[in-house]
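Please open the model in a viewer and keep the sequence panel visible. The tour below proceeds by selection, stop by stop.

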Amino acid sequence: MTDLSVALGADGYAHLLGRRSVRKGDGPPTVDIVHATQYQTGMAVGEWRSLGNPRKNSDQAAGIGAPVGAVSPSGSTHLFVRTAAGGVMLRRDGKEGKWESWHNMNVRDTQPGMAVSTGASGRIELVAQGEDRAMRWCQTGADRAFERAEDIPVAMNPSSVVALETGADRHTYYWTDPATGGVMAHRPGDWVVPLGGTPAEGPVAAVRAMIDGYDCTVLAHRDLDGQVMIAACGTENESGGVWWSPTGERAASAPALALDGRGRVVLGVIDEDGALRVARQNDEPGLAMAPAERF
């Protein structure tokens, strides 16, 4: 398994989407996309199932990218992958869990890095990084077809973009700017807002949380020295300023953010020794994180 992403459904099922590469002899590896489901927190993951590869040519198949996905309110998993030629392919499971055929999104010249988000209406939105723009698709309705939306005319560092629903069917994108090295934020139809920071490679982590009774967006990244930095701002009020603070954690890769069952912010990192460390928001005012536990 070279890459793994997780898409969480409204029913609490976690859909694991992986890129599997098996080398045989001196030729290119055999690469396919695999899927498994965890039906309950703390329980074992179900059987891995191969979803194949949208490209049959061995060289092109080996160049397929990392999968990303989202789950609609009906429970349909939508899986996206980038092809070696810079295209984007979609596959989703339909009625009774039967996967449909691969669908070509009819785009070229994308760069590594895609982000996907599900809105309050159930519509899924996808953004794919390009050389000097980000390309977007939006569903016409829940479980409906995708239509090309207006591009975002910005450059992004490879694989740095993340999407977060910050209003009813309104998504904000966060990424690292290749010119300044800092974090940027943008909502279609609004200005691009610089947020500072010095992220290393990988995506910025983002989650919405209630902090002291206010709807906030929490962001985290690993800086160039390996320190994990965290910040919070009023949701859709990034222009009011973002102040990055060290968490005391060091990481070997980009951190992750989520909410637990009590609505607390949870920070997960893989430390420099390869161990998982998890820190949770404590009961103090503001965004105060308790010391991380090692798992």
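A residue is called buried under 20% relative accessible area, exposed over 50%, and partly exposed in between, with a 1.4 Å probe and protein chains only as the basis. Ser159 is therefore partly exposed, with a relative accessible area of 34%. This is a predicted model, in which local features need pLDDT of at least 70 and side-chain atom pairs count only at pLDDT 80 or more, while totals for chains, interfaces and linings use all residues. Residues are numbered from 1 along each chain as its sequence is written, and side-chain values use heavy atoms, with hydrogens and water left out.

**Stop 1: two loops**

Keep Ser159 selected; it is located in the loop between strand 12 and strand 13. Strands (E, at least two residues) and helices (H or I, at least four) are DSSP runs, numbered from the N terminus. Ser159 is not a glycine, yet its phi is positive, at about 55°. Next, select Asp143, in the loop between strand 11 (134-139) and strand 12 (146-152). Asp143 also is not a glycine and has a positive phi, of about 65°. Its relative accessible area of 32% makes Asp143 partly exposed.

**Stop 2: strand 13**

Select Glu165, which belongs to strand 13 (residues 162-167). Which side chain of opposite charge is nearest to Glu165? It is that of Arg208, 5.3 Å away; Glu165 is buried yet has no salt bridge. A salt bridge requires a side-chain nitrogen of Lys or Arg within 4 Å of a carboxyl oxygen of Asp or Glu; for charge, Lys and Arg count as positive and Asp and Glu as negative, with His and the chain ends not counted. Now display the backbone nitrogen of Ala120, which the side chain of Glu165 reaches at 2.6 Å. The backbone nitrogen of Asp169 is 3.0 Å from a polar atom of that same Glu165 side chain.

Move to Thr166, also found in strand 13 and counted as buried because its relative accessibility is 5%. The side chains of Thr166 and Glu236 are joined by a polar contact of 2.8 Å. Such a contact is a pair of N or O atoms within 3.5 Å; within protein, one must be able to donate a hydrogen and the other to accept it, and residues adjacent in sequence count only if both atoms are side-chain atoms.

**Stop 3: salt bridges**

The whole structure contains 17 salt bridges. Select Asp151 and Arg133, whose side chains form one of them at 2.7 Å, N to O. Asp151 lies in strand 12 and Arg133 in the loop between strand 10 (124-130) and strand 11, so this pair ties together parts 18 residues apart in sequence. Add Arg148 to the selection: Asp151 forms a salt bridge with Arg148 too, with the closest N and O atoms 3.1 Å apart.

Then select Arg277 and Glu249, which meet in a salt bridge of 2.7 Å, N to O. Arg277 is in strand 23 (residues 276-280) and Glu249 in strand 20 (residues 245-250), so the pair links distant parts of the chain, 28 residues apart. Glu249 counts as buried, at 10% relative accessibility. Finally, select Arg170, Arg187, Asp190, Glu236 and Glu238, which are linked in a network of salt bridges.

**Stop 4: the loop after strand 3**

Select Gly42, in the loop between strand 3 and strand 4. Gly42 counts as exposed, at 71% relative accessibility. The C-alpha atoms of Gly42 and Arg23 are 32 Å apart, and the two residues are 19 residues apart along the chain.
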